[in-house]
Structure formats: structure tokens, C-alpha cells
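Before turning to particular residues, take a moment to look over the sequence and the fold together. The paragraphs that follow lead from paired charges to a helix, a surface patch and a few places in loops.

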Amino acid sequence: MANFGFIKCSRRERLKFFESSLPYLNNNALILSATGKAKRWSLEEPHSTNQSFLTFKNGHYGIYFTLFNHELRKKDHDPNTSNSNNIIVLVRETSSPSFFPEFSISKAKQEIYNDVIWLKSITKNLLSTTSLIRLNYAFQQLHQSRKFSTSALKAKEKSSGRPPHQSFEKLENLTKINPENDVPCEEPSHASEVPDGEHEPFEERFLRSQVTQIRQAFENYVSAEDLNVIFPMYQSLKRNDILLPSIEEYNMVLKSIAMRSLDGETTLTAMESKLTCLLTIYQDILSAALIHAHCRPNAETFLIVLGSLFKGSKDVLSILEQMPSHAHHYRSIKVLEFCQVGVRLYTSLQDDARIEVDHVLPNMFYCLNVFPSLLSKDLAHSLYNFKEHKLNRAEFYTGLLTLTKALGEPLAMGFDKRQSYDFISGVFGTYKLQCERHQHLASAEYNVYSAMLQALIATNNFPVATKFLDDVILTYKNSIHTMKLAVTGAADISNLLSDYLLAFMDVGSVTHLDKSYDLLSTIKQVPYLPDVNVSVYNDMICRYINEYVKQEQVKTSLGKVNVVNRAQERIHNKIWNLYNYVSIRKDFNPLKFSNSMQASSLELLLSLSIDLGDLPNVSRLIKEILLRNTYITDWSVSRKLCNFLCNFFAGEQSNYFEVMWSIVEQQAEQYKGDPVQLNDFLSEHVSFLLANSLKSLSFILNLSMVFEALETCNIQTCNLHGLRSLMSFLQEEAKHNTLTNIDKAKVMNYQARMINEFEDTENHYLDLHSDALDFKKSLHAAFIKSYSTNHRGPFSTAQVLRAAESLNLPARSVEVKEVGTIHYRKDLTSLFNANYDAGVERFLQNFKEGYSFTEETWRAILKRNFLTDVLESGKVLAIPQFLKRLICSSERNLCIELLASMIKLNNDKVNIETFKILADHGYDDILKTNTILNSFVEFANKTKNYYFLMLVSKNVAKLASLNESKGWIAGFFERLNEAGMSAEIVSVVSRNFELFNEGLEVGLPRDRAFLREVLIAYSKNANEKDMSQVFEYHFSKPEKKEILLSSADLLSCLPKYYTALGCDDKSTKNLQEFADRSMGEATDLPTFLSTLRITRDFSKQSKIENTLPLALNILEKNDVLLMEDTYHAYKDPLLNNERLFSTMIISLTKAARVLHDTSGAKITAKFEAVIKLCKAICLERISAETLGNIIQFLAATKSNNLLNILFNKFMINNTLMLSFNFYFLRVHVRTKSELMEILGMFEAGFRQNGDLINLKLVEEFRNVNE
């Protein structure tokens, strides 16, 4: 006898639980087959559909599961035993030979039986040492008096006065062993130890107890969850070979199965479990009926079984319509089996008048329409008699009408056209009569119309169908003015037209397909008819694609080839005309048709385009797939697309690999949450992921699909080919490539996850294939090596530590740190290339999920529109959140580069928040870099946001201590001086004099520029004391004075200093000797200041006294917008705009004459800015005097081209014009004398610049007019 080591007690007691199951096990089909008492299956696969369907007596729907599991195995729980056989020994006290079955389970399918988890928990509880309870009387005494027992006995509480069946026990209480709910046992041998009322046989007492509880549970249930307890109570009876007393109780059990919440989901697994359980009970009823007549099934029994079979099948079939094609076939076969059972059962009962099957018929019709092969001749005759059957359910009539084609098949009724028409008209007539009695049937009017149209067309009654459709359309047209009917009827008419076209195309000939195309074109041209459903376009495109392929197969000769090519060209044009029309409709969803019930036009069109090498259309369809997030459910098409992208573009454009990877990752999203489908998908496409080994490593390590597949993988149910290929690739690449710490952690975490799955105790009993065993060994070896070399890595996940413990590796005393989604970088460049808005939408979705992004994706997202529409509004994504993700998920150099590019987009709000975060949240190592600081300075020179300038000026001292380079400070101080914020410079430099002046090398250009801006700020604020201190500090030594005199930057500070002291004339005089040293910058501003004759900063003046100061102050601005701001801020209400403009032109002319040719470009640019300013201040007309000033300026700056243009507008065909345009300014000359004065100015300018041609024209004009 095998020693299982469960508990330390006698051999017989250890197996009492299984003894209690002997009556059930002895009659189980599995046991009977093993002992030779039942015929073995004639087929290897009992579910095969190519043979006759198995009947109930075959045991096909019996309880085909066992309580044996790996916890009962000796080798897992008692390694010291010498017995190596994995067997379960059942001891029986009868004289029959002992039975020693040996089971080797290759895969556990928990869905085989409804409550297998509950039963396993019962098994564990009963066989656990913790479940033992000390008895109130001798164990041996009880054992001798019992025929059946368990290993977890519990004495009845004698002190309890509660009746045995006073309360109803919930499911969780059923796991407790008590006499009322335990297996049957006999009374003790001593009557004195048995309470009163227990002298009756135990079987009867146990039956009465369970039946009472079943009745109470069924009659008093409140929710569907309360019914879950009934079937386990029934099982306890069945396990002990005890029958229910009557069919009434059996019907209660059947109803509870149909109504309970357990297996109540609308899934194939739940439906299969529920219906299998239902048929098992029905089989028990048939067996019980052979013993007791009162257990014979009645009408209610049949209706429960039939109703559940057809309703469950219909519910699952409705799901299958949306299921991917690769998963559809297997599931439809399962549903077919149950439908076949239901149809055969119905056929055997159809002559029984006592059974009212009205509520079963609609669902049965639905199933027969899906599986018309189930319609036998006997059933067809039975259904034919329903043409005058009266039922108040619209589904009955639509289903019966749709079955007309199947009824007309030779194997069924064999109708001709006339007989089919009679049947259809009879059903429709009955429906109309019922509508008069039951008003609610009229709401399904158009559904019945559609079913009738389809039936008429399917039986070749085309004229009748077309006439009926015309009548309906005319009725709709006549009532189109009734708003209510027009609104509510449009959708119905659309569905009716759609069903008509679909039925017409379903005839199958090319002629009918072309007629449908022509009719569809006609419908689109009728204004009052609504457009048909997208399913019509989808079906028509698919049919034309099939015709195109058929035409390809008939190319036999050269002459035939030309004919076929022309036919294919016409078909190809029709296909794309249809697709171009329907693809832009909002309700076009290719996924809706991605199943075997109806093919997807997009998938077939993509496949055809790939076969034809039609690159433009392939690219278009790829773009639509990415933008619409369309799933390709036909894996043959997705594999073809991946192969096309991998091979067709090899060596041409490498970015097509990125497109292929993006498509694979996008397609995997539809299987998220379904590990079986996800790993199947990965196994089908893994070869394409590894096609480009140079880029595959980085991509795979950041592919969320791989992470999801590994995390949810179950080696009992999942295909391991994909994961095995990926892990082998990663392990091999890890040997030859240097990985980052994060990538090493990912690989180790992947290895650990698979090792933990293999080492899970739930999987010990699996009989692994040799490939899986090799995979397991390679994982162990690679993990051990990685663990030993990377034991000090920054990541030690819980999976890694668990795997190390399983492999007996030394433990680490480190903190557990997981690899999260932030460590996975999404690549969205393909989506951004297709459509920027779609890329932003996907970016925001992945951002919320916690992912990081590749460098290319960050660059793609950082556009002006994103900053304005997303970050600036802050409704979808806050700026701090975005910046922190960017900083923490990118390498430092890349982060600095990306931040600099974002700052250069010149968004005020974003840049302000960026500066705040960098300055206040510990990112000094990024902020102090020249790249970031110079980017902020460039932004400062362009923005008008004074808050930003103030914000930076408050942090200048801190930034100067972090970055001692004076280049960026000089640029920022220059902007402050221009913005009239020189006081901020004085304040910060004065408080930090040593910080800004110590170590300053005046010989370096950048340091001289910094010093220049500081001195300018001092001069504008009349801080001659501080200014003298600076000159003394830096230029007290002779060699420093030489630098001062030789530097134009520093010399420019002297006139400001003199001006600040009020010595304007001295400033001009002292600088005269340096005029020939190209001191453009040094003498430009002093010239203006000497004319201005003020000693205080202009921004501090409360009022402008005349036009000249305002003109000079405007000219100091380097930006047109700043000029405009200055004008609006300080203009006088009585100011003359033309006079202001003329004053600025005169000042620029003076500057041009003083500076000679050294600053011509700058002065010309200033002139163009002044012209633009004129438009802003609404100056539209100028006088001859102002024109003369312009001519003098153009001559002084040698702007010959502009001067020539102006002269050609002034003189046309040897005639002087009194009015003409200069740019947008209208020149008005009032008198002839003014004309001659202007002509003289032009002549002087031409003579000054040596323009002989124009001088010749002036001379000719004078000769003619004198």
C-alpha cells in the first residue's frame, strides 16, 4: 500500500474519503472504460465532427474530471519513501479485485467542470492535518461501525438543540464536515451512543437532508449567487449513488444550473461548462428513469434543457461574430456540438403535443440559420407546419423567414420557387394578423421586411422582392414630409436597402455582383434615400477582390491575358472607388468585419495590394491602420505585411523596420488581458521581430508586448515558442553586447519570471516537451550566470529574488526595486510621421500609463503646437509633470538637448515653468550648463514678458555661482538694458561685486562684453561712483589701460560715463580721435546721446518734452515690437506721427554720416524697422519734405537699389509724379517747386554715389523741360 504521508493514521483511515466516492467512481465512464466494462472511443478525438455525434449513453457529457492532483503525489510530499509509482489505491471491502489506475495528466483544464476549484479545496481541506478534529468517542469504535468515512471526521455537537436542517448553509459553509452534510455512514453499534431520531437508514436521512436544503435554496433564493450551492448538494448525493426522489427535484437542479451566476458569463468557456453540467444532470435523469418511473423527464425537463442549449448557443454565436477569424473555427465547432444535441432532442420530441416549445423556437431558428446543415428532412417538415403558427414574438417570424432557403434544399423540403413563395407569403400573412392582435409586433416591421426580402431573393423570386422593395420606398417617399416618419424611418430604410443588396450579392454570380454595384451607385444619386450600411461596401469589396483573384487564375494565353488584364483593371477601379467612398465614413470600422462570418475589406485589400506590389496603396493602408488603431485579426495578413516590410524594403529604407515593429506592438494591444491569444500572436510574429538583429535588441527590451506576455504567461495553456525565441535571442545578445543596468535588469527579470513559472508547484505534474525542458535548462544556466555577475546591480526585483531562492542561489541583502513602465520607452515615430495629432493622442495615452519614450519620439512631440495646445493649457498634461518625466527618463546629454530645443520654441508660459522647475527642484546640474543658460538668454532677447526677465534676474547671482562663464550673463544683461531694467543689473552686481568682478579677464571678448553691459547699466542709473569703482578696479594698471583704448567694446563705455556726468560735448570731442578706428559701436549711441542732452535714464522720465527724445529712445530698441511698445507708452496726444518719423530718419542720416561705412548694415536694418513701425502707428501719408529726408538717408547709406526704385516711381516716362507710393506710404507733392526740389535731391544723391545712368536721365529731363 502506498504511503502518501498526508497524516499519521492507519492505512484504511487515510483513504476513507475515496471510499465514499466508490459508488460514483464505479459507474463513471472513465473507470468503466479502464476496467474493460465500457467500449473505448472509436475515435482519438471524441469531439470530432466528421463522425456521427456521440449520444448520452456514450458518457460524452458525463463528469470527465478527477480529483487526483499533484499534491497527492508521493514524490512531491514524501521524498523519503521508497515507492516510486505515482498511483492512487482505492480500497474496497467487497470481494471484487482491487483497481489500480495510474493517471498522467499532461495539462490541467480547470474549465472542464464548473466547480473543480471548489472540489479541490474540499480535497485539500479533508486531506490536511489541520482539518482533523478530536472525536468525542473512540476512533476505533466509530471506524468499526461505519462502512464509509473520511479523514476529517467531526463529531456532532450534542449540546446543540438546533434541528439538523434548520438553516440553509452557504457555499463557504459546505466545506465544513458535519453529519448532515457528510457522506453517508451507518449508525454506531451501541444504540446508547446514538441520539434519538437516527435509527432510520442513513441513506434516507442523508437524502431527506439534502433534498430539504435544495428546496430551501431554490425556493428562497434572492440573487443568482444563492443558486450556486444547489449543484454541490446534488453532487454529494450523486457521489454516494443516491437518486433524487422525483423529477421535480431534478428540475430544480436543472433550473439552478441555468439561472445561477456561476458560469453565467457570455463566453465560450462559461457556456461549455454550464451546458456540459446541464447535460450531465439530464443524463443522470435518463439513468434514474430506468430505475424509478417517478424520475422520468417531463415537459418542463425538456424545455429547460432545450431552452438552455439554444439560448447558450445563440449567446456565444453572437460573440463569435466579433471574434477574430483565427479563433473562430474551434469555438464554432464547440457550439455546433451543443446545437446538434438540441436539434436531435427537439426532433425526438416534436410529435409530443404536451410540450410547448414556443419560447424555444426563436433561438433554435437562429442556430439553424448559422448551422443549416443540422436541418434534416423530418425537422424541415416540422418547421414547414409553423407557417401559420401564431406567436407574439417577432424573432419567431424573422427566423422562420430566414430559414426559407434552407427549407428549400433538396435534403430538406426541396421547394421550388412557387412553393417557397407560398411559404413566405403564408408566414408574412400570419405575422400581419398577429400584428393586429399584438401591437408590439409592429415595432419589428422592417426586420420582418428584411427577412422576407432575403428569403425571396434566396429562392430566386427576384421580381417579387424588387416590387416589394419599391412599394416600401414609395411609401417612405410619400411620407417624407412627415418629420417623425422621416427621422425614424431613415435607418430602417437604410437597413432594408442594405439587406436587399447583401442578399442579391449572396446569389453568387458576377452578374448579380455587378448589378448590385450599379444599384448602389443609383441609390447614392437619389437624394431622399439614405446611404446603405458599411457592411454592404465591405461585402462588395471582398467579393470583387475574390473575382480579381479568380481572373488571375484564368490567364492561359497571350490573347486571354490582355482580356483578363482589362477585366482586372475594371474590377480594381471598382474596388478602390468603393473603398475611397466608405473609408471616410465615421461608422466604418474594419474590425467589425474581422471574423469568419464576414471578411474585412481592409485586410483583403491590404493583402491584394501587397501581392500586386502596389507600394502607394500599401503605404496608405498602413497609415490608416496606425491612425485608426485598426486591428488585423487575420494573422496570415499581418504576417504577410510584416514580411513585406522586412524584405521588400531591405537595403532601401531602414525606417520600415520601425513601422513593422510599431504595427506588431499595436496589433498586440487587442490581446491584452488574454495571455493565450497574446502568446499565440507573439509566436506567429516573433521571427519578424528578430529580422533586423542590429536594432531588435533595443526594441525588444522596450516592447510592452513582451513584458505583458511574460507577466501573464501560463505554461499550462500558453504557446511558449515566441517567448522561447525571444529569450534565446536576448540571452545570446547579452553575451556579446554591453547592456545598461536597466536592460540587464529587464533580461534578468524576464528570465526570473519564466523560471518561477516553471518552478511553480502547480506546474510540477506537467509532462513537458523536450523543447520546453531545453528552454528551462537554458534559462537556469543564463540566470545563474547573470545573477552571479550582476548581483550588485541597481535593480533586484521580487521575481529575481524568488527565482534565486528556487535555484538555491545566495540571497542578497538589498532593497527590492522593480522595473516599472517608466523604464520602457515607447517609439511613436511611425505614428507621428503618419499624423501628428494621432501621435500626440497616443503619446498622452502612453504618458498616463507611465511609459517613457525614445529620443526620436521626444523630438517628434516637442513642436510649437504641442506646447500651445497641450502644455500651455494644462488641462490634459501639466508642465511640471511633463518636464519631470522628460528629465528622469532621458540621459543627461539628451535631456539637455531636448530642453534646449523646447526653450527655443519661445513659449512664455512653458519657459517660465521650465525655469522655475529647474531652479527650484534640484536640477542645478542641468540648469547650469551653457546650453540651457544660453537658450534662456536667446528666449529673453525675443520675449516681451517682463515677468520672465524679473524671474531670471532674481536668480542671476545663484546661476553665476554655478556657471562662472560671463558670456550668457552679458547676453542677459544686454537684454535687461534694452528693456529698461538696468536698475536690476545695478542691484544684483552691487550686492555681489566680488562674485561678478573677481577673476574677470578684460582681455577676453566675452568678459569685456559683460563689463560693457554693467557699465551701461551704471551710466543709465547715474551711478558714477560705482562706475568709477569699476574703471578703477579693472583699468588702474597701464597694461589694462592699453586694453581699454584698443577695445571698441570698452571705449563705448567712456561716452556713457561722460554723458552720465553731463559732459556731452567732451564725450564727442574725446571720441573724435578714435573715429578712424572703426569704432562703430563706440560712437553710435553717444551720437544720439549728445543730441538728446539728458543725464537720466529715459525710462525714469515722467514726460517727453518734445519729439526728438522719443525718436531717439525708439531708435535704441532692437525689436519692432519694443519700438511699438515704447511709442505707445510715451507718446503725447498732440504728437505728429510724420514729424516723429522724419526725426528718426534725420537721426539715422546723421549716424550714417558719422559712422561712415562701419555700421551701414545695422543702420539700414534700423531704417527698415522704422518703416515697419510706421504701419503700426498708422502713418499712411508723407509730405515732400519727409521724402527729401528719406532721399538723403538713402544717399548717405549708399542704398542705390532702393534709391533707384524710388526715383523710378517719381519719374515715369520723363514725367514727374505728384503722388506715388513708397512701400505703403503715399507721397503727396503739392507744388511744382517741391517737385524740382525733390529732383535736385535725387540728383545730389546720384552724384554722391556715382550713379551716372540716373544722372543722365535727370539731365535729359532738364533739357527737355527747360
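A residue is called buried when its relative accessible area is under 20%, exposed when that area is over 50%, and partly exposed in between. With the reminder that this is a predicted model, these words can be applied to a first pair of residues: Glu395, with a relative accessible area of 40%, is partly exposed, and Arg393, at 28%, also counts as partly exposed. Arg393 and Glu395 form a salt bridge, in which the closest N and O atoms are 3.9 Å apart. The cut-off explains why this pair is included, because a salt bridge is counted when a side-chain nitrogen of Lys or Arg lies within 4 Å of a carboxyl oxygen of Asp or Glu. By this rule the structure has 33 salt bridges.

Side chains of opposite charge can pair when their charged atoms come close. A second example is the salt bridge between Glu624 and Arg620, whose closest N and O atoms are 3.0 Å apart. Both residues belong to helix α26, which runs over residues 615-628, and because they are four residues apart they are separated by about one helical turn. An α-helix has 3.6 residues a turn, so residues three or four places apart point the same way. As for their surroundings, Glu624 is buried, with a relative accessible area of 13%, whereas Arg620 is partly exposed, with a value of 27%.

A third salt bridge joins the side chains of Lys958 and Asp924, at 3.6 Å from N to O. This pair links distant parts of the chain, since Lys958 is in helix α46 (residues 956-962) and Asp924 is in helix α43 (residues 924-927), 34 residues apart. Lys958 counts as partly exposed at 30% relative accessibility, and Asp924 counts as partly exposed at 25%. Elsewhere, Arg215, Glu219, Glu248 and Glu249 are joined into one network by salt bridges that share partners.

Which residues gather in a patch of negative charge on the surface? They are Asp837, Glu841, Asp869 and Glu872. Asp837 is found in helix α37, which covers residues 836-848, and with a relative accessible area of 58% Asp837 is exposed.

Helix α50 gives another view of the model, for 12 of its 16 residues are buried, so it is largely enclosed by the rest of the structure. Among the buried residues of α50 are Phe1010, Leu1011, Val1014 and Leu1015, and also the charged residues Asp1007, Arg1008, Arg1012 and Glu1013. At 1.5 Å a residue, helix α50 (residues 1005-1020) should span 22 Å, and its end C-alpha atoms are 23 Å apart, which agrees. Another buried residue is Leu361, which has a relative accessible area of 0% and is found in helix α14 (residues 361-370). Leu361 and Leu391 are 30 residues apart in sequence, and their C-alpha atoms are 10.0 Å apart in space.

Two loop residues deserve a look for their backbone angles. Cys1178, in the loop between α60 (1160-1176) and β3 (1181-1182), has a phi near 65 degrees, a positive value in a residue other than glycine, and at 61% relative accessibility Cys1178 counts as exposed. Tyr1223, in the loop between β6 (1219-1222) and β7 (1225-1228), has a positive phi of about 60 degrees although it is not a glycine, and Tyr1223 is partly exposed, with a relative accessible area of 42%.

Conventions:
Residues are numbered from 1 along each chain as its sequence is written. This is a predicted model: local features need pLDDT of at least 70, side-chain atom pairs count only at pLDDT 80 or more; totals for chains, interfaces and linings use all residues. Side-chain values use heavy atoms; hydrogens and water are left out. Patches are made of residues with over 30% relative accessible area and no salt bridge: like charges are joined within 9 Å, nonpolar side chains (Val, Leu, Ile, Met, Phe, Trp, Tyr) within 5 Å. Accessible areas come from the Shrake-Rupley method with a 1.4 Å probe; for residues, only the protein chains shown count as cover. The place of a charge is taken as NZ of Lys, CZ of Arg, CG of Asp or CD of Glu. Buried means under 20% relative accessible area, exposed over 50%, partly exposed in between (1.4 Å probe, protein chains only). The expected span of a helix is 1.5 Å times one less than its number of residues.
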